[in-house]
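Let's go through this one the way you'd grill a colleague at the bench. Each question asks for the grounds behind a label.

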Amino acid sequence: MADSFPELRPAARILLGPGPSNVNPRVMKAMASPVVGHLDPDFLKVMENIKRLLRIVFRTANEITFPVSGTGSAGMETVMANLIEDGDEVVVGVNGAFGTRMAEVASRQGARVHKVEADWGTIVEPAKVAAALKAAKNPKLVAVVHAETSTGIHQPIEEIAELAHQHGAMIAIDAVTSLGCVPVEIDKWGIDACYSCTQKGIGAPPGLSPVTFSERAMESVRKRKTKCRSWYFDVALIEQYWGPDRLYHHTAPITMNYALYEALRIVVEEGLEARWRRHRINAAAFQAGVRAMGLQLAAQEGHRLPQLTTIAVPAGIDDVKVRAELLRLFNIEIAAGLGPLKGKIWRVGLMGEGSRRENVMLALNALEEILGSMGFEIARGRALTAADDAYSAEGTGAGEPPAEAP
Ligand SMILES: *Cc1c(COP(=O)(O)O)cnc(C)c1O
């Protein structure tokens, strides 16, 4: 028995892919706390504090702010299932795998989807969204991905949010890879619905999807002519559990909520601005190193995410072999391209806990060594020097998360 089913011993990897990212040991420790009932007074306190912390991190006063039980895609389903009824016109920005998924989820909820397409690796142009809104008869919702993890694009949101409202539509954004890494300003930008996840910028394992709905979005939920198609993701029902009524809807994943609570505490201790700055500094150093090595960045200049860098696979280099060697020799996970970018790019995440100077230097050194051994011409050490220079410009300790209190 013991022989056929060995004890779990997964390797402790350096996770530099598009998520999950590495988890702070404090979060793992929180997950070892006793499991209590989902209506236990101690758990109710955790729930209340999670809602307060999420409002801080989402920068919102929205009452309806809580984690949906499920991964980031569950948040996507929740937003679409609640805001869409049969025949509603929905404008969706499609410039990567997750915009494509949004359009698919919206259409499964009965929406008439107007896709605003852009090449993978470029932004969705606000002017094209404006044109789609004009062409639609009565658009109800605009949906765009803030951080397109499949391409490394940082989508500008504010102008699109304004356009949506000018046309009487709501705006929903996918902040799965942006929350905790770059500014997400729900109230300032006038966002009506947003969802994220625990395993990318927040630094917890996968399993929950924080969501937030504006008053205007909740009004549209209350005015629905038909019931939300999904019982599990019906925000009005979930709110009766996460709100003051405490009505049983489903059993909250207790342990995952402990993890989210501790991870959010860490985010707030560091401070959002400091966290955004750390992501910016580490990405600038990493991207300087990548360029110094003679590699090309794949996402549109001026719109590159700091938490996810995409690199063009150079001609004659075996994409799969490089990733396998990174794992074998350096214990580093990075990711391949998806869809039309399969075999063409690498995706390197420096998100949450993973966004730190030591990871930047290790990843650059590892790429140099592996690419060099495969015949890609590299002046050894140039990447590390370029990254070092980028850090020097920022002062001591730049790129490091705050030290743990002893
Ligand atoms: C990862 C991701 C998702 C899906 O999240 P899961 O946790 O894998 O369900 C959705 N949108 C974006 C932009 C993502 O990066």
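**Two domains and a ligand**

Q: How do you know that a salt bridge links domain 1 and domain 2, and how many are there?
A: The rule finds 1 salt bridge across that interface. Quick caveat: this is a predicted model, so local features need pLDDT of at least 70 and side-chain atom pairs count only at pLDDT 80 or more, while totals for chains, interfaces and linings use all residues. Residues are numbered from 1 along each chain as its sequence is written, and side-chain values use heavy atoms, with hydrogens and water left out.

Q: What makes arginine 59 and glutamate 273 a salt bridge?
A: The term asks for a side-chain nitrogen of Lys or Arg within 4 Å of a carboxyl oxygen of Asp or Glu. For arginine 59 and glutamate 273, the closest N and O atoms are 3.5 Å apart, so the pair meets the definition.

Q: Where do the bounds of the two domains come from?
A: They come from an automatic or database domain assignment. Here that gives domain 1 (25-268) and domain 2 (272-393).

Q: What makes these domains count as being in contact?
A: Contact means heavy atoms within 4.5 Å. By that test, 30 residues of domain 1 touch 24 residues of domain 2.

Q: How much area is buried between domain 1 and domain 2?
A: About 2200 Å², with 64% of it on carbon and sulfur atoms. Buried area is the accessible area (1.4 Å probe) that two parts lose on being put together, summed over both. On the domain 1 side, Trp120, Gly152 and Cys181 lose the most, together 22% of what that side buries.

Q: Why is the pair glutamate 48 and lysine 51 called a salt bridge, and how are they placed in helix α2?
A: Their side chains meet at 3.1 Å, N to O, so they pass the same salt-bridge rule. Because they are 3 residues apart in helix α2 (a DSSP run of H or I, at least four residues), about one helical turn separates glutamate 48 and lysine 51. The whole structure has 26 salt bridges.

Q: Which residues come nearest to the ligand?
A: Thr71, Ser73, Thr149, Asp174 and Lys200, out of 13 around it. Being near takes a heavy atom within 4 Å.

Q: What makes threonine 149 a polar contact of the ligand?
A: A polar contact is a pair of N or O atoms within 3.5 Å; within protein, one must be able to donate a hydrogen and the other to accept it, and residues adjacent in sequence count only if both atoms are side-chain atoms. A side-chain N or O atom of threonine 149 is 2.3 Å from a ligand oxygen, so the pair qualifies.

Terms used. Helices (H or I, at least four residues) and strands (E, at least two) are DSSP runs, numbered from the N terminus.
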